[in-house]
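Visitor: Hi, I've got a protein open on my screen and I'm new to this. Could you walk me through it?
Guide: Sure, let's have a look together.

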Amino acid sequence: MKLYIAGLLALIAAPVSADGYWTYGSWNVSSETTSAGNYLRRTCSARFGGDGEPVVHITVNSDDMGPPYTFPTVYVQEYAPRGYATRLQQGQVVSFEFDNGWDTTAWAYSYFDEEGIPQAYSGLPHPHSQNTLRAMRDSNLMVLAVSGRVFMNVYLDGFTAAYLKAMDECGFTGAGVV
């Protein structure tokens, strides 16, 4: 009986968070737990876009050294149907421009996945990601441009709540961004 009660108390006291999906304005958050050898790894993402359009996302894992020490990379990622090219091409400069006046740039990388599907991405890793995340917090719109042409408009309504939820789901705080 003592062992049964101790087991119940351990279950009640353990911080258990179920996998889930949440929506905040234009942003979606997901968390998923997978087995990684002898322990469980939790992956948490906040994302904008999809359904055939490019995606802007941040992702952290519960075993990362995350905020406030390092900050997740801000990625824009594009997939194209087989036989078509991505709009982002290898080596292009991608401008991340915010309606609060701040901007930054990153390089585009393109490749074919193992199934031959064309993909491209551009990202702002740590330490550049912290200022980008702060600009996302303080803005309403992020425009991604390539060669002076708009590639994607990213609406930032709900971003701060989505960022906080993703960080919280993987055991981090919003410190350093919020």
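Visitor: Which residues in H3 are buried?
Guide: In H3 the buried ones are Phe-159, Ala-162, Tyr-163, Lys-165, Ala-166, Met-167 and Glu-169. Keep in mind that this is a predicted model.

Visitor: Why would residues a few places apart in a helix point the same way?
Guide: An α-helix has 3.6 residues a turn, so residues three or four places apart point the same way.

Visitor: OK, and what do the buried residues of H3 pack against?
Guide: They pack against four strands and a helix: strand E1 (20–24), strand E2 (27–36), E3, E4 and helix H2 (128–138).

Visitor: What happens just after H3?
Guide: Gly-171 sits there, and its phi is positive, about 90°.

Visitor: Switching topic: how many disulfides does a search of the whole structure find?
Guide: The search turns up one. The disulfide joins Cys-44 to Cys-170, with 2.1 Å from S to S. This pair links distant parts of the chain, 126 residues apart: Cys-44 is in strand E3 (residues 39–49), while Cys-170 is in the segment after helix H3 (159–169).

Visitor: Are those two cysteines, Cys-44 and Cys-170, buried or exposed?
Guide: Cys-44 is buried, and Cys-170 is too.

Visitor: And is the disulfide left-handed or right-handed?
Guide: The torsion about the S-S bond of Cys-44 and Cys-170 is about 95°, so this disulfide is right-handed.

Visitor: I also clicked on Asn-61. Where is that one?
Guide: Asn-61 belongs to strand E4 (residues 55–61). Its contacts, leaving aside neighbours within four places in sequence, are Arg-41, Arg-42, Thr-43, Cys-170 and Phe-172. You'll recognise Cys-170 from the disulfide.

Visitor: Why does Asn-61 count as buried?
Guide: Its relative accessible area is 17%, and buried means under 20%, so Asn-61 makes the cut.

Visitor: Let's try the strands. How many residues of strand E9 are buried?
Guide: Five of the six residues of E9 (residues 141–146) are buried, so the strand is largely enclosed by the rest of the structure.

Visitor: Which way do E6 and E9 run, parallel or antiparallel?
Guide: Antiparallel, with five bridges joining strand E6 (residues 93–98) to E9. In that pairing, Val-94 stands opposite Val-146 in E9.

Visitor: What about E9 and strand E10?
Guide: Those run antiparallel as well, and six bridges join E9 to E10 (residues 149–155). Here Leu-141 stands opposite Tyr-155 in E10. E9 and E10 form a hairpin with two residues between them, and Ser-147 in the turn has a positive phi of about 55°.

Visitor: Now the outside. Which residues make the nonpolar surface patch?
Guide: Val-93, Trp-107 and Tyr-109 make a patch of about 300 Å². Trp-107 is part of strand E7 (residues 103–112).

Visitor: Zooming out, how many helices and strands does the chain have?
Guide: There are three helices and ten strands. In sequence order the pattern is α-β-β-β-β-β-β-β-β-α-β-β-α.

Visitor: What are the spans of the C-alpha trace along its principal axes?
Guide: They come to about 70 × 40 × 25 Å. The chain's accessible surface is about 10,000 Å², and 55% of that belongs to carbon and sulfur atoms.

Visitor: Last one: what share of the residues is buried?
Guide: Of the chain's 178 residues, 40% count as buried.

Notes
Residues numbered from 1 in each chain as written. Predicted model: local features only at pLDDT ≥ 70, side-chain atom pairs only at ≥ 80, totals over all residues. Heavy atoms only, no water. Disulfide = S-S within 2.5 Å. Buried < 20%, exposed > 50% of the residue type's maximum accessible area, 1.4 Å probe, protein only. Pairing = 2+ DSSP bridges. Patch = residues over 30% accessible without salt bridge, like charges linked within 9 Å, V, L, I, M, F, W, Y side chains within 5 Å. Areas by Shrake-Rupley, 256 points an atom, 1.4 Å probe, with all protein chains shown as cover. Salt bridge = Lys/Arg side-chain N within 4 Å of Asp/Glu carboxyl O. Contact = heavy atoms within 4.5 Å.
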